[in-house]
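Me: I have a structure on my screen and would like to go through it with you. Could you show it here, so that we can ask how each label is earned?

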Amino acid sequence: MNYKNSKKIKIAFFISSDGYGHTVRQSSIIKQLLINYKNYNLDIHIFGDDILKKIKFNLPNKINFHKNDNIIQTKKNMDGTLSILKTKKIFGKWKKIKKNLVDEIKIKIKGFDLVVSDSVPHVIDASSELGIYVINISHFTWDWFYKKTFKNDSIYKELSNSYQKANEFIFPPLTDHEILKKYKKKISNINFIITDSFVDSDTNIVNKKNLMRCIMMDNGSKVLSKKISNIIKYIENLDNLYFIICGSSFKKSQIDFLSKIKNCKIEKNLKKIHAYISSCDFLIARGGYNTITECLILNKPTLLYSEKKNKKVEGNINFLKKMKLTKEINDNFFTHSFKTQINNFISNNLKGIKNNFSKYRFNNNGSKQACKIIISRLS
């Protein structure tokens, strides 16, 4: 059937409850759908948890938002590292109530034409049972994460069974080869999907002495906030650098201290700090997928921190290490040795990483590619 200029086309987007990355990718795709396919009568519904509050203002009013707890997510320890025990309990809870979750989703999506999931496994079950075409868009799957983090047990098998029912997978770059091998018969590959803040803004970093510019970035899960706070006292001694620091989770006393330092700028808005990436020389950040995406597209060297036991982040960093486009850092970096380590990076690694970027080309039109696939599956 040709949906063009016909009845309303109902598309449901289910956004994972884990972090901000899933949200910014899906909002980018939805924006492109509305811009490039205006003559299609699209009726778009977004299902998610509290993260919806952060994207409602950035999307048209005609989109329908629905509160929906998608259950599966990672849990953190006080120091920002992955909590194995709490995360395992989340997956155990999911398996226990999965049937009820599927039944609830079936009620919500009955009558829809297509479902997009990033990446909620029981939504795939519900869509499959109703005969609705379902596409999973993500750079990893929860069955892969679970098996890497825990083991091949009944929970893994339940997750895997859900993903096997997907009609199609759309994977951007850096997706693990094990995932690509497992679902190879159902895969469409796309380029990187970039975030709205990255697309819509570009903020120049101005410093009077024309110092080398370094962004120190936290993430939505605040993995690095405590670690960054440990080293702010050493920043003013690095008079060869100008720092732009994400202070979204800092105490007032810390912000007051940093505001007095000449070689430092505080950005309290986590989203806005992404706009500075284009004019920095290098970044210190967690190895999250969105941050890596933006740095690769802009050819920006990085010092990336890997969360202990978090296979998603470890995998991201390992990809970049193989391409020699980053230097991995650990807890020791955020100590009294900070000044020595960052100067060693500038002297011994920075130039080489910059040169290595000439070997690669990273495209950022993934959201447009995803839209073409979505529209084509409606016919």
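Me: Which residues line the largest cavity?

Reply: Happy to help, and please keep in mind that this is a predicted model. The lining of the largest cavity is made up of His139, Phe140, Trp144, Leu174, Asp176, Ile179, Lys312, Gly315, Asn316 and Phe319. Helix α12 gives the largest share of that lining, 4 residues.

Me: What makes this space a cavity, and how many cavities of 30 Å³ or more does a search of the whole structure find?

Reply: A cavity is a set of points where a 1.4 Å probe fits but cannot get out. The search finds 1 of 30 Å³ or more, and the largest cavity holds about 70 Å³ of space.

Me: How do the residues of its lining divide into nonpolar, polar and charged?

Reply: They divide into 5 nonpolar, 3 polar and 2 charged. Gly counts as polar here, while Asp and Lys count as charged.

Me: Why is Leu296 called buried?

Reply: The cut-off for buried is under 20% relative accessible area. Leu296 has 1% relative accessibility, so it counts as buried. Leu296 sits in helix α11, residues 289–297. Beyond its neighbours within four places in sequence, Leu296 is in contact with Leu174, Phe192, Leu320, Leu325, Phe357 and Phe362.

Me: And why does Thr74 count as buried?

Reply: The same reasoning works: at 8% relative accessibility, Thr74 is under the 20% limit, and therefore buried. Thr74 belongs to the loop between β3 (64–67) and α3. Setting aside residues within four places in sequence, its contacts are Asp18, Leu82, Thr87, Trp142 and Phe145.

Me: Trp142 and Phe145 are in α5, I see. What makes helix α5 mostly covered?

Reply: Of the 8 residues in α5 (142–149), 6 are buried. These are Trp142, Asp143, Trp144, Phe145, Tyr146 and Thr149. The buried residues of α5 pack against α3 (84–109), α4 (121–130), α6 (154–164), α7 (177–182) and α12 (311–322).

Me: Which residues do ring pairs link into a cluster?

Reply: Phe91, Phe140, Trp142, Phe145, Tyr146 and Phe150 are linked that way. Across the whole structure, the search finds 21 aromatic pairs.

Me: Why is the pair of Tyr37 and Tyr40 called edge-to-face?

Reply: Two limits matter: ring centres within 6.5 Å make a pair, and planes over 60 degrees apart make it edge-to-face. For Tyr37 and Tyr40 the centres are 5.8 Å apart and the planes are at 75°, so the pair is edge-to-face. Tyr37 is buried at 15% relative accessibility, and Tyr40 is buried at 17%.

Me: How do you know that Phe333 and Phe338 form an edge-to-face pair?

Reply: Their rings are 5.3 Å centre to centre, with 85° between the planes. Set against the limits of 6.5 Å and 60 degrees, those values make an edge-to-face pair. Phe333 and Phe338 are both buried.

Me: Which residues does Ile284 touch, not counting residues up to four places away in sequence?

Reply: Ile284 touches Cys214, Ile215, Met216, Met217, Leu303, Ile329, Phe333, Phe334, Phe338 and Ile342.

Me: Which residues touch the most other members of the largest nonpolar core?

Reply: Phe243, Ile245, Phe282 and Ile284 do, out of 59 residues. Strand β9 (residues 241–246) supplies the largest share of this core, 6 residues. Another core, of 35 residues, lies apart from it, with Phe14, Leu82, Ala126 and Tyr146 among its members. In soluble globular proteins, nonpolar side chains tend to be buried together.

Conventions. Residues are numbered from 1 along each chain as its sequence is written. This is a predicted model: local features need pLDDT of at least 70, side-chain atom pairs count only at pLDDT 80 or more; totals for chains, interfaces and linings use all residues. Side-chain values use heavy atoms; hydrogens and water are left out. A nonpolar core is a set of buried Ala, Val, Leu, Ile, Met, Phe, Trp, Tyr and Cys residues joined through side-chain atoms within 4.5 Å. Buried means under 20% relative accessible area, exposed over 50%, partly exposed in between (1.4 Å probe, protein chains only). Helices (H or I, at least four residues) and strands (E, at least two) are DSSP runs, numbered from the N terminus. Contact means heavy atoms within 4.5 Å. On a 1 Å grid over the protein atoms alone, a cavity is a set of points where a 1.4 Å probe fits but cannot get out, and a pocket is an open set with protein on both sides within 12 Å along at least five of seven lines; lining residues have an atom within 4 Å of a point. Grid points are joined across faces, edges and corners, and a volume is the space filled by probe spheres set on the points. Rings of Phe, Tyr and Trp (its six-membered ring) pair if their centres lie within 6.5 Å; planes under 30 degrees apart count as stacked, over 60 as edge-to-face and the rest as tilted.
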